[in-house]
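Visitor: Hey, got a minute to walk me through this one?
Guide: Sure, let me put it up.

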Amino acid sequence: QCGIPKGKAMKYRIAIAPGTDESPDFGVIVPDLPGCYSQGDDLEGAVGKAKESVELWIESMLEEGLPVP
């Protein structure tokens, strides 16, 4: 539980960068949450990892008593 009331979903846009031949992973950043980023082996994995990253980012901010945008 990350401090968000159950049933209250928060939505954030993500930016996804496709991989290259050298680095095939998809990179993901969450522009509204500074320092919140992730990567995945494929598009589906990248989106799933982004959701996990957002949850952890919010949890960390709440634990520190800092505001969440």
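Guide: Here is a chat about the sheet, a buried serine, a salt bridge and a surface patch.

Visitor: Anything to know before we start?
Guide: This is a predicted model, where local features need pLDDT of at least 70, side-chain atom pairs count only at pLDDT 80 or more, and totals for chains, interfaces and linings use all residues. Residues are numbered from 1 along each chain as its sequence is written, and side-chain values use heavy atoms, leaving out hydrogens and water.

Visitor: OK, in what order do the strands sit in the sheet?
Guide: The order is S1-S2-S3, 3 strands in an open sheet with antiparallel pairing. Strands here are DSSP runs of E, at least two residues, and helices are runs of H or I, at least four, numbered from the N terminus. Two strands pair if DSSP finds at least two bridges between them.

Visitor: And which are the edge strands?
Guide: Strand S1 (15-17) and S3, each pairing on one side only. From one strand to the next, the twist averages 20°.

Visitor: What packs on the sheet?
Guide: Helix H1 (residues 43-63), which touches S1, S2 and S3. Its direction makes about 150° with that of S3. Angles run from 0 to 180 degrees between N-to-C directions, with axes as lines fitted to C-alpha atoms, for helices over the stretch in contact.

Visitor: How many bridges join S2 to S3?
Guide: 4 bridges, between S2 (residues 26-29) and S3. In one of them, Val28 has Ser38 in S3 as its partner.

Visitor: Is Ser38 buried or exposed?
Guide: Buried, because its relative accessibility is 17%. The cut-offs are under 20% relative accessible area for buried, over 50% for exposed, and partly exposed in between (1.4 Å probe, protein chains only). Leaving aside residues up to four places away in sequence, Ser38 touches Phe26, Gly27, Val28, Lys49, Ala50 and Ser53; contact means heavy atoms within 4.5 Å.

Visitor: Switching topic: which residue forms a salt bridge with Arg13?
Guide: Asp32, with the closest N and O atoms 3.8 Å apart. The rule wants a side-chain nitrogen of Lys or Arg within 4 Å of a carboxyl oxygen of Asp or Glu.

Visitor: What does that pair tie together?
Guide: Arg13 lies in the segment before S1 and Asp32 in the loop between S2 and S3, so the pair links parts that are 19 residues apart in sequence. Arg13 is exposed at 58%, while Asp32 is partly exposed at 37%.

How values were computed. Patch = residues over 30% accessible without salt bridge, like charges linked within 9 Å, V, L, I, M, F, W, Y side chains within 5 Å. Areas by Shrake-Rupley, 256 points an atom, 1.4 Å probe, with all protein chains shown as cover.
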